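Subject: The structure for you to look at

Hi there,

Here is the structure I promised to pass on. Have it open while you read, and turn it around as you go.

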Amino acid sequence: MPPPLPPKFVVPPRVAAANTAARPSVRLPKRGELMEQYEILDDGRPEGDFILYRVRHTQLDTERLLKLPRPEHLKDGFSDRYGERVALLAGLTSPYLRRPLESFYDAESGLACAVFEEEPAATLRTLRKNGAYSGEQILAVLLAAAGGLDALEQAGLHHGRLTPGNVVFDRDSAQIRLAGLDQPEGQGPGDYQYSPPAGSAATGSAGDLYSLGVIAFEMAAGQIPRVVRGVAPDLQSEAPRIPEPIVKVISRLLALDAGSRYRRASELDAALKTLLAEFTPADPREEAGEKAAPPKAKAPRKFPFLPFVILLTLLVAAAAGVRGWRYFTSLPPPVVISIPLSEDSRARQAALEKEKAESQRLQTLIRLWKEGGE
């Protein structure tokens, strides 16, 4: 079950009552005004069902992106549903999700507002390379997406609109995250290509995994997979340069038989971690059709007797160590006092270990993407 909403994010009764009534007009924020601790920096621009504003945090002096539904959504309850969803998303801590930093209700307009970091510098859609992505880069995207989808599943949520435009890259690193989490479910222009086929049982989280398979296939082959007369496309023949273990993962994501696909994002995440431990990045010169340079011959040793000198030194040290060990074992055993950890200490220790593991994984993803070439 999804976690309960924090009290500050529950729709205020007076706002909910005002939203159900027909308002003659809704006053939108203007340049220079304040909303909570944010100063409005522009006049806003429409984008789908929302209006986006550049804002500045008055205390931190950093620019952010403010997003609120169009005023016409006050009557159909969309604004309240949006407020509940972004409140849940703001409570997630996964580094693989571009989640809202904060959400609140504007008392004057009654609209639910969400604050995000600045817009990402690039997405998979803007970085389209016509099938020129390497195996390392595809693996990095799969790993990041699986981590983000797993975090959504644990919160009782799913993406519902996973496309290349929602796989974003941060400005100063190759960190990969999923965006568009707050968008209403449904298809935008061209999104149907990444949705499960009509009549498929892939809905909810399973639909997200199928969409991820389509994205990975397009990164490898440069085109959307097409099912012709009930036969799935053969990625191995479309992109022979992609390592076979990665091809198997993508083929399983797109399997025509629903029972052959990954059932949950956590299952995909575990499979990718195992693959990452066994994966050896390909030599970029081999991918380009070039021959790798032969290994250099070992230079002759300058000091041929040095190993014998080292061995003699180790033997002398070992003899001295045996005498010291006999003296040490003759001493009475030390008194060991064990203090059991409290539940809070164990929880903090587990949290630190988890944070360390996630940090190592992020560094691995960044290395994989950069080794694959930008």
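In which strand is Ala122 found? Ala122 belongs to strand S8, which covers residues 122-123. Before going further, please keep in mind that this is a predicted model.

Let's stay with Ala122 for a moment. Is Ala122 buried or exposed? Its relative accessibility is 15%, and buried means under 20%, so Ala122 counts as buried. Leaving aside residues up to four places away in sequence, Ala122 touches Leu127, Val167, Val168 and Phe169. One of these, Val168, is 46 residues from Ala122 along the chain, yet their C-alpha atoms are separated by 5.9 Å.

**The whole protein**

Now step back to the overall picture. The protein has 374 residues, and 39% of them are buried. DSSP runs give 10 helices and 10 strands. If you take the contacts with a separation of 6 or more, 64% of them are between residues 24 or more positions apart. The pair of Ala122 and Val168, 46 residues apart, shows you two such positions brought to 5.9 Å between C-alpha atoms.

**Rings around Phe50**

Next, look for the aromatic side chains. There are four aromatic pairs in the structure, and here are two of them that share Phe50. In one, Phe50 pairs with Phe78: the ring centres are 5.8 Å apart and the planes make an angle of 55 degrees, a tilted arrangement. This pair joins distant parts of the chain, since Phe50 is in strand S4 (residues 50-57) and Phe78 is in helix H2 (residues 78-90), 28 residues apart. In the other, Phe50 pairs with Tyr82, again tilted, at 4.9 Å centre to centre with 50 degrees between the planes. Here too the partners come from strand S4 and helix H2, with their positions 32 residues apart. Together, ring pairs link Phe50, Phe78 and Tyr82 into a cluster.

Why do Phe50 and Tyr82 count as buried? The cut-off is under 20% relative accessible area. Phe50 has 4%, so it is buried, and Tyr82 has 3%, so it is buried as well. Phe78 is also buried.

There is one more neighbour to find here: Lys67 lies over the face of Phe50, 4.6 Å from the ring centre. You can look for a similar arrangement elsewhere, where the charged end of Arg252 sits over the ring of Tyr262, at 4.1 Å from its centre.

**Two helices that cross**

Now find helix H3 (residues 135-154) and helix H7 (residues 265-278). Their axes come within 8 Å and cross at roughly 150 degrees. The crossing is left-handed. On the H3 side, the residues making the contact include Leu139, Leu142, Leu143 and Ala146, and on the H7 side they include Ala265, Leu268, Leu272 and Leu276. Which kinds of residue make up the contact of H3 with H7? They divide into 10 nonpolar, two polar and four charged residues. Among the charged ones you will see Asp150 and Glu153 of H3, along with Asp269 and Lys273 of H7.

**Some loops to visit**

Ala255 is in the loop between helix H6 (244-253) and H7. Its relative accessible area is 14%, so Ala255 is buried. Not counting residues up to four places away in sequence, Ala255 touches Ser260 and Arg261. Pro233 is 22 residues from Ala255 in sequence, and the C-alpha to C-alpha distance is 9.8 Å.

The loop between S4 and strand S5 (62-69) holds Leu60, and Asp61 lies in that loop too. Are Leu60 and Asp61 buried or exposed? The cut-off for exposed is over 50%. Leu60 has a relative accessible area of 54%, so it is exposed, and Asp61 has 55%, so it is exposed too. Leu60 is 23 residues from Gln37 in sequence, and their C-alpha atoms are 9.6 Å apart.

Asp61 has something else to show you: its phi is near 55 degrees, a positive value in a residue other than glycine. Glu36 is not a glycine either, and has a positive phi of about 55 degrees. You will find Glu36 in the loop between strand S1 (34-35) and strand S2 (38-40).

Enjoy exploring!

Best wishes

Conventions
Residues are numbered from 1 along each chain as its sequence is written. This is a predicted model: local features need pLDDT of at least 70, side-chain atom pairs count only at pLDDT 80 or more; totals for chains, interfaces and linings use all residues. Side-chain values use heavy atoms; hydrogens and water are left out. Rings of Phe, Tyr and Trp (its six-membered ring) pair if their centres lie within 6.5 Å; planes under 30 degrees apart count as stacked, over 60 as edge-to-face and the rest as tilted. Helices (H or I, at least four residues) and strands (E, at least two) are DSSP runs, numbered from the N terminus. Buried means under 20% relative accessible area, exposed over 50%, partly exposed in between (1.4 Å probe, protein chains only). A charge sits over a ring if NZ of Lys or CZ of Arg is within 6 Å of the ring centre and within 35 degrees of the ring normal. Axes are lines fitted to C-alpha atoms, for helices over the stretch in contact, and angles run from 0 to 180 degrees between N-to-C directions. A crossing is left-handed if the near helix is turned anticlockwise from the far one by less than a right angle, and right-handed if clockwise. Contact means heavy atoms within 4.5 Å.
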